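Open the model in your viewer and keep the selection tool at hand. We will go from stop to stop, and at each one you will hear what to pick and what is there.

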Amino acid sequence: MTRPQPPSPHALPQVLWIGGPPAAGKTTVARLIARRHGLRWYNADAHTWEHRDRATAAGHPAAIRFEALPRAERWSVPRAELIAMSLHHERGRMIVDDLGALPPAPLIIAEGTPITPAVVATVPGGPAASVWLQPSAEVQRARLRERGLSAGQLTLYRSLVGEIEAEVAEYGARRLVIDGENGIEETVEAVEKIFAEALSRGPVAETGDERARLLRYANRATVAQYEAFFARPWSPGDARTTVHAFACECGRADCRDDIDLAVADFPAPPDDAASPPVLAPGHHRAR
């Protein structure tokens, strides 16, 4: 049985939804489609710690337990507790709230593991443009192995696979199996076909300035994610030594470049016209 979700107050016709378990390739696919078509990319992972702060402030027991446990002990609890402390079910509601607070244009491509068929079904307005990426067991094992995860993290991620697959079947949601036969470009093209009607209707960013602002939005969300993590008393590392691959903000439709930059060196807000863009070598701000 999937956990029932409360009805959503938000009609979100401008959102394209991509769900699926960890290591499905959701982030890579959504990021490429957003840059190619001029969409706003909402990455649920970039809001993890913000969502945890909201749950803790609201007194959610599992969120409070997670923060109180030593880091090593968090991953040795029983499977059910791992899922509870992940806030997998609770974060879906928060994602819908986040999306409802964003501007209605351009289209948003939202991706993340907490985006489930039950969550999308709460959004009024009829069937949504949505797809769930489902990696084969072999693909997921190989991808998770590359991440060097702990045993507890692997248990959580593998448990989420079963939960999400069952919910996709229960709701009759559209799925795209990732079996390793095709590369990322073929997967992107398959998802673009699923979203073709919505992409043709738009609206999408048309100018370089519009695209650059969307890229800054996504980059800023990443910075905020790191800052919320480093603010925790148990957090290792800091913004000065942590390097991230930020998207080039030139705003060209064909740009796929990233720039490795220490989080502390990302331009400080406000993100207005006076803020210097983060640019790959040789790139200039498009108009």
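Start by selecting aspartate 238, which is partly exposed at a relative accessible area of 22%; here buried means under 20% relative accessible area, exposed over 50%, and partly exposed in between, with a 1.4 Å probe and protein chains only. Add arginine 240, which counts as exposed at 64% relative accessibility. The two side chains meet in a salt bridge, 3.8 Å from N to O. That term stands for a side-chain nitrogen of Lys or Arg within 4 Å of a carboxyl oxygen of Asp or Glu.

A word on the model before moving on: it is predicted, local features need pLDDT of at least 70, side-chain atom pairs count only at pLDDT 80 or more, and totals for chains, interfaces and linings use all residues. Residues are numbered from 1 along each chain as its sequence is written, and side-chain values use heavy atoms, with hydrogens and water left out.

**More salt bridges**

The structure holds 16 salt bridges. Next, pick arginine 232 and glutamate 67, whose side chains form one of them at 2.9 Å, N to O. Arginine 232 sits in the loop between helix 12 and strand 6 (243-247) and glutamate 67 in helix 3, so this pair ties together parts that are 165 residues apart in sequence. Helices (H or I, at least four residues) and strands (E, at least two) are DSSP runs, numbered from the N terminus. Buried or exposed, what are arginine 232 and glutamate 67? Both are buried.

Now go to arginine 252 and aspartate 254, another salt bridge, with the closest N and O atoms 3.0 Å apart. Arginine 252 is partly exposed at 36% relative accessibility, while aspartate 254 is exposed at 54%. Then select Arg216, Arg220, Glu249 and Asp271 together: salt bridges that share partners join these four into one network.

**Helix 2 and its surroundings**

Select residues 48-57, which make up helix 2, and colour Thr48, Trp49, His51, Arg52 and Ala55, which are buried. Look down the helix axis: the buried residues fall within an arc of 155 degrees, so they line one face of helix 2. The arc is taken from the directions from the helix axis to the C-beta atoms. As a reminder, an α-helix has 3.6 residues a turn, so residues three or four places apart point the same way.

What covers the buried residues of helix 2? Show strand 2 (40-43), helix 3 (61-68), helix 5 (79-86), helix 6 (88-100) and helix 12 (208-230), which are among the covering elements. Just after helix 2, stop at glycine 59, where phi is positive, at about 85 degrees.

From helix 12, pick glutamine 225, a residue that is buried with a relative accessible area of 15%. Glutamine 225 touches Asp45, Ala46, His47, Thr48 and Trp49, leaving aside residues up to four places away in sequence; contact means heavy atoms within 4.5 Å. A polar atom of the glutamine 225 side chain lies 3.2 Å from the backbone nitrogen of tryptophan 49.

**Aromatic rings**

Stay with tryptophan 49 and turn to the rings; the structure holds seven aromatic pairs. Rings of Phe, Tyr and Trp (its six-membered ring) pair if their centres lie within 6.5 Å, and planes under 30 degrees apart count as stacked, over 60 as edge-to-face and the rest as tilted. The rings of tryptophan 49 and phenylalanine 66 have centres 6.1 Å apart and planes at 45 degrees, so this pair is tilted. Tryptophan 49 is in helix 2 and phenylalanine 66 in helix 3, so the pair ties together parts 17 residues apart in sequence. Tryptophan 49 is buried at 12% relative accessibility, and phenylalanine 66 is buried at 8%. Widen the selection to Trp49, Phe66, Tyr226, Phe229, Phe230 and Trp234, which ring pairs link into a cluster.

**Cysteines**

For the last stop, select cysteine 248, cysteine 250 and cysteine 255. How many disulfides are there? The count is zero, a disulfide being a pair of cysteine sulfur atoms within 2.5 Å. The sulfur of cysteine 248 has its closest cysteine sulfur in cysteine 250, at 3.8 Å, too far for a bond. For cysteine 255 the closest is again in cysteine 250, at 3.7 Å, also too far. Cysteine 248 is buried at 1% relative accessibility, and cysteine 255 is buried at 4%.

Technical notes. Polar contact = N/O pair within 3.5 Å; in protein donor to acceptor, adjacent residues only side chain to side chain.
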